[in-house]
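This briefing is meant for a reader who is meeting the structure for the first time. Please look over the sequence and the model below before reading on.

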Amino acid sequence: MEKEYLMLKDEIMLSMKTIKNYNTMLYTVSAALFAYAFNSQNELLFLLPFVILFPMYYLITREAKQTLRIGAYMIVFLEEKTSFSWESRLYLYDNIMKNNKHAKVPMVAYFSIGCLCILLSAIYTNYSIIDYYHIALIICQITLLFTCFIMFVVKAPNYTKMKESYVLEWEQIKKHEISIKILEKNVR
């Protein structure tokens with residue numbers, strides 16, 4: 001049991017490191033794209049970081065979900081049989097402090113980079129020219145702003161609710177396994 005627990009804890013640490021690496025890549029590529037946009041002073045190029053912003057968001061939320069799933073598994077199947085109880089205590093803490101700042105996966109950096117892209121693009125846009133390109137650009141800026149707000153603020157993953165749902169799902173699996181074992185004993 002303890003070996004499985006430690007192996008899964010290592011898996012969580014690897015996921016956390018992966019998330020940090022994704023964030024580093026996001027910041028580095030965004031900075032490079034901003035530098036390129038500043039050099040060219042083209043309003044459309046300031047929107048280029050969105051090319052990496054949305055995929056990184058997807059990858060990070062996927063890693064966070066995997067981490068929560070593993071933690072929930074550890075709570076349901078392993079911690080009661082070992083001397084470890086970090087995940088159970090963390091789960092208890094999250095349930096007691098449901099409205100704390102840790103409830104949602106922090107997407108402030110993503111929202112900030114998105115808003116910065118839109119702001120810089122808007123600053124460099126020449127509003128005295130009204131043609132199809134500029135109308136499309138303004139529509140794109142507004143659409144991206146709403147998309148950022150919805151994805152990174154309104155729909156930001158709720159850490160506490162996700163973990164709670166994973167714990168409930170693993171408990172269902174545990175009950176199912178127990179009922180199968182009981183049936184197998186009765187058949188013999």
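The side chains of Glu87 and Lys9 meet in a salt bridge, with a nitrogen-to-oxygen distance of 2.9 Å. Glu87 belongs to helix H3 (residues 86-96) and Lys9 to helix H1 (residues 2-40), so this pair ties together parts that are 78 residues apart in sequence. The model in which this pair is found is a predicted one, and the points below are grouped by topic.

**Salt bridges**

- A search of the whole structure finds 4 salt bridges, and in the one between Glu87 and Lys9 both residues are buried.
- Glu80 forms a salt bridge with Lys174, and the closest N and O atoms of the two are 3.0 Å apart.
- Because Glu80 lies in the loop between H2 and H3 while Lys174 lies in helix H6 (residues 159-187), the pair ties together parts that are 94 residues apart in sequence.
- Glu80 has a relative accessible area of 56% and is therefore exposed.
- Lys9, Glu87 and Lys163 are joined into one network by salt bridges that share partners.
- Another salt bridge is the one in which the side chains of Glu63 and Arg62 meet, at 3.9 Å from N to O.
- Glu63 counts as buried because its relative accessibility is 13%, which is under the 20% cut-off for that class, whereas Arg62, at 38%, counts as partly exposed.

**Chain as a whole**

- The secondary structure of the chain comes to 6 helices and 0 strands, and read along the sequence it follows the pattern α-α-α-α-α-α.
- Along its principal axes, the C-alpha trace of the chain spans about 85 × 35 × 25 Å.
- The radius of gyration of the chain is 23 Å, whereas a compact globule of 188 residues would have a value near 16 Å.
- Among the contacts in the chain with a separation of 6 or more, 84% are accounted for by residues that are 24 or more positions apart.
- Of the 188 residues of the chain, 38% count as buried.
- The accessible surface of the chain comes to about 11800 Å², and 66% of this surface belongs to carbon and sulfur atoms.

**Helix H5 and its buried residues**

- Helix H5, which covers residues 132-154, has 23 residues and reaches 31 Å from its first C-alpha to its last, a span close to the 33 Å expected at 1.5 Å a residue.
- The buried residues in H5 are His134, Leu137, Gln141, Leu144, Cys148 and Phe152.
- These buried residues of H5 pack against two other elements, namely helix H2 (50-78) and helix H4 (108-124).

**A nonpolar patch on the surface**

- Ile142, Phe146, Phe149, Ile150, Val153 and Val154 make a nonpolar surface patch of about 530 Å².
- Phe149, one of the residues of this patch, is found in helix H5.
- Phe149 has a relative accessible area of 40% and is therefore partly exposed, since that class lies between the 20% limit for buried residues and the 50% limit for exposed ones.

Terms used
Residues numbered from 1 in each chain as written. Predicted model: local features only at pLDDT ≥ 70, side-chain atom pairs only at ≥ 80, totals over all residues. Heavy atoms only, no water. Helix = DSSP H or I, 4+ residues; strand = E, 2+ residues; numbered from the N terminus. Expected span 1.5 Å × (residues − 1). Buried < 20%, exposed > 50% of the residue type's maximum accessible area, 1.4 Å probe, protein only. Contact = heavy atoms within 4.5 Å. Patch = residues over 30% accessible without salt bridge, like charges linked within 9 Å, V, L, I, M, F, W, Y side chains within 5 Å. Areas by Shrake-Rupley, 256 points an atom, 1.4 Å probe, with all protein chains shown as cover. Rg over C-alpha atoms; globule rule 2.2 N^0.38 Å.
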